[in-house]
Amino acid sequence: MEGLKREPEQATLASLLAHFGLESPVNLVWSHATNSHALLKESLEGGKVHMIEADILMGRHETDGGEGGAEIPIMAHPPATSSDLSFAEFARSVREQHANGGRRIGVKLDFKDPKAVVPVLQNLTSEGVGENSPVWVNADIWQGPGGAVPKFNAMEFLAACRKYCPYASLSVGWTTGPGGLHGIPGALIGTAGYRPKHIDVALRDLRAAGILPHEGNSSAIEGLDGRNETTLITFPVSVIYTRISAKRTDTFDRLLSASEGCTLTLWGEDTVSGSRYVESGAMSKYKGKIFVDTKPPKFAGVLFEHQTTLSVVLFTAVLAIPVLVFILQM
């Protein structure tokens with residue numbers, strides 16, 4: 001147990017792949033919404049998962065009936081407000097897995113509630129998370145294509161990560177949704193997807209926080225102990241909007257060239273195997289810097305996969321409505 005007191009080291013893409021014995025980031029396997037004792041046990045003992053993804057918010061433990069008592073960090077996804085798994089229990093299970101000689105599985109902590117950030121990050125090291133395995137800290141801190149205004153203040157989130165767990169790999173991204181000029185309607189006029197303004201805001205904030213070097217300065221990054229050009233940062237991007245954005249082939253160039261450690265994580269529903277898309281699609285030029293966390297699509301994913309056809313159909317329908325109304329009134 002003495003080794004658990006060691007300060008965790010900064011993660012790099014190379015060290016992450018070496019930790020799991022992988023040749024490419026596309027081979028990383030995730031569990032999703034691992035927000036209960038049963039799902040956590042399955043992920044820890046299943047032998048297939050490299051990284052456990054779990055959601056965190058402030059809520060009540062179900063041992064209290066999910067009512068009354070003080071709110072604590074729990075593993076749950078909105079709209080849930082209670083869980084049978086607290087963050088402390090989650091961390092203890094992962095720590096015991098490592099201490100007992102089990103697989104050194106990594107964790108991705110997906111924050112859904114700004115109030116949970118500091119209480120969790122303050123206790124990451126004392127809870128034994130990240131000392132013998134990778135830990136990612138994730139939140140949607142910027143407004144993205146069709147997305148709502150984030151719950152998180154970007155600079156406050158980055159400052160908390162910097163203060164309490166500089167060794168954790170940042171996974172910071174954008175809210176997304178169907179509306180607005182960068183959402184579904186934008187497919188009609190070519191404005192959908194990730195745009196330069198989304199990249200600009202991310203780079204601005206990360207540079208201001210001392211997490212990325214300022215443009216044109218390739219010297220060591222100041223401010224974060226141990227952080228350097230190779231420290232792993234990943235930007236989770238919707239695979240649907242990435243497919244649209246990739247038609248503008250330079251969309252992610254500035255993001256991935258901001259430092260050697262910058263990567264993308266494709267998430268969401270996709271009709272094409274994520275690894276196949278990275279290997280042979282428009283994103284192939286970023287091969288080696290993309291993690292894939294996608295799943296087979298539901299109806300919405302199919303529509304976006306064929307978004308060009310969809311755009312034509314919608315445009316035709318819009319033009320036809322006045323004609324149809326005129327005919328019906330005759």
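**Close-up views of a predicted model**

**View 1. Contacts of F90 in the nonpolar core.** F90 touches T34, L40, I52, A54, M75, L85, V107 and L109, leaving out residues up to four places away in sequence. The model shown here and in the other views is predicted. F90 belongs to the largest nonpolar core, which has 70 residues. Those with the most contacts inside this core are F90, L109, F111, F157 and F235. Another core lies apart from it and has eleven residues. L22, M51, W136 and L232 are among those eleven.

**View 2. The whole protein, for orientation.** The protein has twelve helices and ten strands. Its length is 330 residues, and buried residues make up 50% of them. Take the contacts with a separation of 6 or more: residues 24 or more positions apart account for 69% of these.

**View 3. Packing of helix α5 on helix α7.** Helix α5 covers residues 154-164, and helix α7 covers residues 196-208. The two pack at an angle of about 40°, and their axes are 10 Å apart. That angle makes α5 oblique to α7, because oblique covers angles that are not roughly parallel (under 35 degrees), roughly perpendicular (65 to 115) or roughly antiparallel (over 145). The crossing of α5 past α7 is right-handed. On the α5 side, the contact is made by A154, M155 and L158. On the α7 side, D205, L206 and A208 meet them. Five residues of this contact are nonpolar, one is charged and none is polar.

**View 4. Surroundings of L255 in helix α9.** L255 lies in helix α9, residues 253-256. Is L255 buried or exposed? L255 is buried: its relative accessible area is 0%, and buried means under 20%. Leaving aside neighbours within four places in sequence, L255 is in contact with W174, I199, A202, L203, F235, C262 and L264. One of these partners, F235, is 20 residues from L255 in sequence. In space, L255 and F235 are 8.7 Å apart, C-alpha to C-alpha. F235 is also one of the residues with the most contacts inside the largest nonpolar core.

**View 5. G47 in the loop between α2 and β2.** G47 sits in the loop that runs between α2 (37-46) and β2 (51-61). How accessible is G47? The relative accessibility of G47 is 47%, so G47 counts as partly exposed. The view also takes in G102. G47 and G102 are 55 residues apart in sequence. Their C-alpha atoms are 9.8 Å apart in space.

Conventions: Residues are numbered from 1 along each chain as its sequence is written. This is a predicted model: local features need pLDDT of at least 70, side-chain atom pairs count only at pLDDT 80 or more; totals for chains, interfaces and linings use all residues. Side-chain values use heavy atoms; hydrogens and water are left out. Axes are lines fitted to C-alpha atoms, for helices over the stretch in contact, and angles run from 0 to 180 degrees between N-to-C directions. Helices (H or I, at least four residues) and strands (E, at least two) are DSSP runs, numbered from the N terminus. A crossing is left-handed if the near helix is turned anticlockwise from the far one by less than a right angle, and right-handed if clockwise. Contact means heavy atoms within 4.5 Å. Ala, Val, Leu, Ile, Met, Phe, Trp, Tyr, Cys and Pro count as nonpolar, Asp, Glu, Lys and Arg as charged, and the others, Gly among them, as polar. A nonpolar core is a set of buried Ala, Val, Leu, Ile, Met, Phe, Trp, Tyr and Cys residues joined through side-chain atoms within 4.5 Å. Buried means under 20% relative accessible area, exposed over 50%, partly exposed in between (1.4 Å probe, protein chains only).
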